[in-house]
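Got the viewer open? Here is a short tour, one selection at a time.

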Amino acid sequence: MADPGNSELYIYNTLTRKKEKFEPLNPPYVGLYVCGPTVYGDAHLGHSRPSLTFDLLFRYLKHLGYKVRYVRNITDVGHMESNADEGEDKILKKARLAKLEPMEVVQYYTNRFRHNMWSLNVLEPSIEPLASGHIIEQQEFVDLIVKSGYGYEVNGSVYFDVDKYNRNFNYGKLSGRVIEDLISNTRELEGQEEKKNPYDFALWKKASPEHLMHWPSRWGEGFPGWHLECSTMSTKYLGEEFDIHGGGMDLLFPHHECEIAQSTAALGKESVKYWMHNNLVTINGQKMGKSLGNAISLFEFFSGDHPLLDKAYHPMAIRFFIMQAHYRSTVDFSNDAIQASEKGLQRLFEGIKTLDKLKSSEHSTVDVEALERKCYDAMNDDLNSPVLISHLFDGLKIINFINAGQDFINEKDLKNLKNLYHDFLYNILGIDKPEEKIDTENLSDRIIRKFLQVRKEAKQRKDFATADLIRETLNQLGIEIKDTKDGFEWKIKT
RNA sequence: GGUCGGUUGGCCGAGUGGCUAGGCAGUGGUCUGCAAAACCACGUACAGCGGUUCGACUCCGCUACCGACCUCCA
């Protein structure tokens, strides 16, 4: 194996809009924070994209020898419902509808999310903190911001003073927005009159009397603001400065912009060195989203139980499909596209079976090292999984030529080639080895029945030789056959 | 409306200033009693119009179309 330590990984930093060489702040340690799910409903295919993208990154960093602490939060509190004009808490609304405790809803969907992740072979993060479990820390974070002069309290709510912040720092540096544009574009929402400016955002929000999810604070009963949990929990678990913060592109503004503002205001410095954003999953060219009504949940994909799906898809087909597109490109869902991936993956699996049976020779006529270099180059180029996969397909030709006796491979190269597929397909791309699971009980049953059906047909056309041959063969296998008036019976002889 | 991004062959999807991406489908072939599978081989492409260049799909400009964000979402 080439030494992966020699690899120079480049990743695209949204902050600079350039690919940058990845250099951790404190090698060999890497701190990675990713915005996780809001657990008020089942995850759909779009939600799987950040999980899969940063699972790929997590796996590759570990493969390169880094010691990674991967923190992915669970948002179980505090986000607002889209069309609820009152600004009702999303989780709360769902709870009302279903007459459940809010924490019951959250627990239910958290469990289901974890189940989905397990199906997709997504590695568990090192820490999976809940926003509701860090209320105290979030309040402390608000204190820091207020003390530094960038937060102000009004009627039991605390807001972030964007204008003031922007005078000393740059609000909009990540998303490329300018305050002037925001002024003209901010929609009128209830509660705006409390803020100094419409683009100020809540750090702590006063709970209305009917609000169920609220916590005591020095400002009164309330709940944390929309963006606070990530600033708080990333700081708590990864420190005031850490390496990588990831999430979906749609979180760029305002969520991540506000996170930067909060952390910078509270800590007096930039927290994140590299910002990474995955692109969206589209369906008919449009973003897959709950509110757009075009979402297909992962459970539906795995069961095939959705009008837009031709069939059920194995989680690995989904994973491979996502991996066949670069994380910064959109990937458009269609049955044809996933089925194409599914068949391609099948061919890859067949090739690996062939690889396992390959015999080594004295000398090699193939260049395994070059293939390996190409695979690392692809991954080092901002996690280019589609190009990596194309090299794995190219490698199939090598395998098949050796198998056909047209090329030869020595023992060392053969070992390396096996390692290569093992490392890149299984460990890095995270594709699960296919298990040869056949329902043997059912299968033998079906085979016996089919045999007897053939025998019955043979008897009907007076082909007694064939009929007897079948009976004799089955008898020898310990299966006793009894002809009946209109068919047959059989049992396994004891 | 503002900001940003995209437009690649039948479909999906990479990439590059001159050299085959890859997958699926298709076509031809090998194998096979037939078929299937497997394997081998092979097309078709870079939205339009200008410009820069010896040369552009790749750089620049304009136009058209699509999308994301600006408001909860990954």
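**Start with the domains**

Put C-alpha centres on domain 2 and domain 3 of chain A: the two lie 43 Å apart. To select them, take 286-428 for domain 2 and 440-492 for domain 3, then add 23-278 for domain 1; such bounds come from an automatic or database domain assignment.

A word on ground rules: this is a predicted model, where local features need pLDDT of at least 70 and side-chain atom pairs count only at pLDDT 80 or more, while totals for chains, interfaces and linings use all residues. Residues are numbered from 1 along each chain as its sequence is written, chains are lettered from A and ligands numbered from 1 in the order in which they are written, and side-chain values use heavy atoms, with hydrogens and water left out.

**Zoom out to chain A**

Show the C-alpha trace, which spans about 95 × 65 × 40 Å along its principal axes. Switch to cartoon and you can go through 16 helices and 15 strands (DSSP runs numbered from the N terminus: H or I of at least four residues for helices, E of at least two for strands).

Next, colour by burial: 51% of the 494 residues count as buried, meaning under 20% relative accessible area with a 1.4 Å probe, protein chains only.

**Finish at the hairpin**

Now select residues 479-484 (β14) and 487-492 (β15), which pair in the antiparallel sense over six bridges; pairing takes at least two DSSP bridges between two strands. The hairpin between β14 and β15 runs through two residues. Last stop: click Thr-484, whose bridge partner in β15 is Gly-487.

Notes: Buried < 20%, exposed > 50% of the residue type's maximum accessible area, 1.4 Å probe, protein only.
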